[in-house]
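This briefing covers one helix and the cysteines of the structure shown below. Please look at the model first, then read the points by topic.

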Amino acid sequence: MDSIFIWEKEYFKPVTSLSIALISFLFYHFITNSGSLNKKFQMKFGPNRAQEFWIHFRQLTGFILLGGIPFLVVLFILKEKISAFGLSLSLSNRVLYYIVILSAIIVLINFFASKSRNNQNKYPLIRTKVWDIKLLISSLSGWIIYLLAYEFLFRGFLLFVCIQSFGIWPAIIINIIVYSLAHVPQGSNEAVGAIPFGLVLCVVVVLSGNIWPAFLLHTVLAVSNEWLSIRNNDEITFRFFSSDQRKIK
């Protein structure tokens, strides 16, 4: 009977990866949903800029917590090469072909989805009424660093450890479940939508052996949705230059 409580060494990596993923995401969630911290931004930056800086803060916090903590765990606790967790630089021509095709499909879907009122009520995340090149670039940079950390956590650290421990399809199923649950705070539509998208990202990562296809596709999804939402939202204008303010159609 006592044997059921014996800790086997092969438990260490999957338990560590799942625990770190959960802890990292919980820290991120509670910090970036802190009402008191948000109020401090309101007091410091004022009503016109606080929301913009708050979104940048959330993205930077995600980069540090979602990417930084797993990265340190790999180096100092698991003591393995970072390339074993999806950060190698090789991409085959076949994978590049998949990325191009899937990116085109994502943009096409966002082209229609961005016209819906529900989408425009949520995106772009930065609710500034007048966007310019500077804000567009800063938002793009925020998405890049955030999604790089996000993909390393889910499709790098978590997926590759689970593949080593359970095999490919059990690892993919675990990844999709955790990924979908992470979207629950954003609403049921995004939680459900995360299931097929999570499957696609896991598959391209397995085929390529690294996280870069998932990172690129996730960035295309987020950025195209943001830009198309700006274009289709009648309450938001885009300014190329300081003296030029007009709506892009």
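Helix α1 covers residues 12-32, and its 21 residues should span 30 Å at 1.5 Å a residue; the end C-alpha atoms are 30 Å apart, which agrees. The expected span is 1.5 Å times one less than the number of residues. Helices (H or I, at least four residues) and strands (E, at least two) are DSSP runs, numbered from the N terminus. This is a predicted model, in which local features need pLDDT of at least 70 and side-chain atom pairs pLDDT 80 or more, while totals for chains, interfaces and linings use all residues. Residues are numbered from 1 along each chain as its sequence is written, and side-chain values use heavy atoms, without hydrogens and water.

**Helix α1**
- Among the buried residues (under 20% relative accessible area; exposed is over 50%, partly exposed in between; 1.4 Å probe, protein chains only) of α1 are Pro-14, Ile-20, Phe-25 and Tyr-28.
- Seen down the axis, the buried residues of α1 fall within an arc of 165°, so they line one face of the helix; the arc is that of the directions from the helix axis to the C-beta atoms.
- Leu-22 and Phe-30 are exposed on the other side of α1.
- The buried residues of α1 pack against α2 (35-78), α5 (133-166) and α6 (168-182), where contact means heavy atoms within 4.5 Å.

**Cysteines**
- The structure holds 0 disulfides, a disulfide being a pair of cysteine sulfur atoms within 2.5 Å.
- The closest cysteine sulfur to that of Cys-162 is in Cys-202, 9.8 Å away, which is too far for a bond.
- Cys-162 is buried at 1% relative accessibility, and Cys-202 is buried at 0%.
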